[in-house]
Amino acid sequence: MFKVTYTKKMKRKLQKFCLVLLLLTVSGLSAQTVDSLFMKANKLYQSEKYAEALQVYVDIEKKGIISYELYYNIANTYYKTNEVAQSVYYYEKALQIKPNVEDVLFNLDFANRMTIDNIEPLPKSIGDNFRENVVLRYTYNTWATIAVVIAVLFAVLFLSYHFSAFTSRKRLFFISSLICAVLVFIAVTFAYQNKTLVEKTRFAIVFAPQVHVKNAPTMNSELNFTLHEGTKVQILETLDNWKKIKIADGKIGWMDVRDMKEL
């Protein structure tokens, strides 16, 4: 008979393997649980049991799930129950993951019509329109992926240029690789600008039924203007429990942090 002996190194490797296997198993079971809960919530929504569907969706969110589909469904459910601030908030959250999705923008427009505040936005400059319609059209990760794909294409074209034996093809490969190099630079620039803009620009949704926006971060300061739930504001500054905010028409003031929910 043979006797198997284990060294300390082998035992450590075996323990690591068992731990990884356990984590993979738990992760798989967790994913199955989330999927089943999501399907359950969708069925409840389709049956117009919105309160029950919302509870399941919220339970999924509490598990730390960040998902465009989840946020979009939560927003739709809140919209069905006429909860303006919540629906606007989650439509905006969905757009943070997948910008410029037509269905979300369409539904968000309807949700915004339910808000009381009718704010006329300031006209946008050419630069603002470019950043909104081009740089922010895709997420930072999407622009980075585009840059990587074009970089791979550049490498293929450059190698083809280097090893091609025909002058006409070499010229074609060289021009194409040069164009790809320029496109890579543009994509990387847009990715960097996108990340910078997203990190610097902070927004929130007003959740209180009515908010008195002050001209200073104190309760006794003068009233600047009044906002209502569902209105989107840009956060400019934070001081204790106060946020300096700006609305679409350019007005600026201070409001209590408890009256908003940051995106």
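## Exercises on burial, cores and a surface patch

Ile175 is partly exposed, with a relative accessible area of 44%. Here buried means under 20% relative accessible area, exposed over 50%, and partly exposed in between (1.4 Å probe, protein chains only).

The model is predicted: local features need pLDDT of at least 70, side-chain atom pairs count only at pLDDT 80 or more, and totals for chains, interfaces and linings use all residues. Residues are numbered from 1 along each chain as its sequence is written, and side-chain values use heavy atoms, with hydrogens and water left out.

**Exercise 1. Place Ile175 and find the nonpolar surface patch that includes Ile175.**

Step 1. Locate the residue. Ile175 lies in helix α8, residues 167–200. Helices (H or I, at least four residues) and strands (E, at least two) are DSSP runs, numbered from the N terminus.

Step 2. List the patch. Ile175 joins Phe174, Leu178, Ile179, Val182, Leu183, Phe185 and Ile186 in a nonpolar surface patch of about 740 Å². Patch residues have over 30% relative accessible area and no salt bridge; like charges are joined within 9 Å, nonpolar side chains (Val, Leu, Ile, Met, Phe, Trp, Tyr) within 5 Å. A salt bridge is a side-chain nitrogen of Lys or Arg within 4 Å of a carboxyl oxygen of Asp or Glu. Areas come from the Shrake-Rupley method with a 1.4 Å probe; for residues, only the protein chains shown count as cover.

Step 3. Turn to Ser177. This residue is also in helix α8. Ser177 counts as buried, because its relative accessibility is 3%. Beyond four places in sequence, Ser177 touches Phe154, Leu157 and Phe158. Contact means heavy atoms within 4.5 Å.

**Exercise 2. Describe the largest nonpolar core.**

Step 1. Find its hubs. The core has 29 residues, and Ile74, Tyr90, Tyr91 and Val104 touch the most other members. A nonpolar core is a set of buried Ala, Val, Leu, Ile, Met, Phe, Trp, Tyr and Cys residues joined through side-chain atoms within 4.5 Å.

Step 2. Assign the elements. Two or more residues each come from α1 (8–46), α2 (50–62), α3 (68–80), α4 (84–97) and α5 (102–113). The largest share, eight residues, comes from α4.

Step 3. Check one hub. Leaving out residues up to four places away, Ile74 touches Leu54, Tyr57, Glu61 and Tyr90.

Step 4. Look for another core. One lies apart from it, with 13 residues, among them Val206, Phe225, Val233 and Met260.

**Exercise 3. Examine α2 and the contacts of Ala41.**

Step 1. Check the span. α2 has 13 residues and reaches 18 Å from its first C-alpha to its last, close to the 18 Å expected at 1.5 Å a residue. The expected span is 1.5 Å times one less than the number of residues.

Step 2. List the buried residues of α2: Tyr50, Ala53, Leu54, Val56, Tyr57, Val58 and Ile60.

Step 3. Add Ala41, which is found in helix α1. Ala41 counts as buried, because its relative accessibility is 0%. Leaving aside neighbours within four places, Ala41 contacts Ala53, Val56 and Tyr57. The C-alpha atoms of Ala41 and Tyr57 are separated by 6.2 Å, though the two are 16 residues apart along the chain.

Step 4. Inspect what follows. Just after α2, Gly64 takes a positive phi of about 85°.
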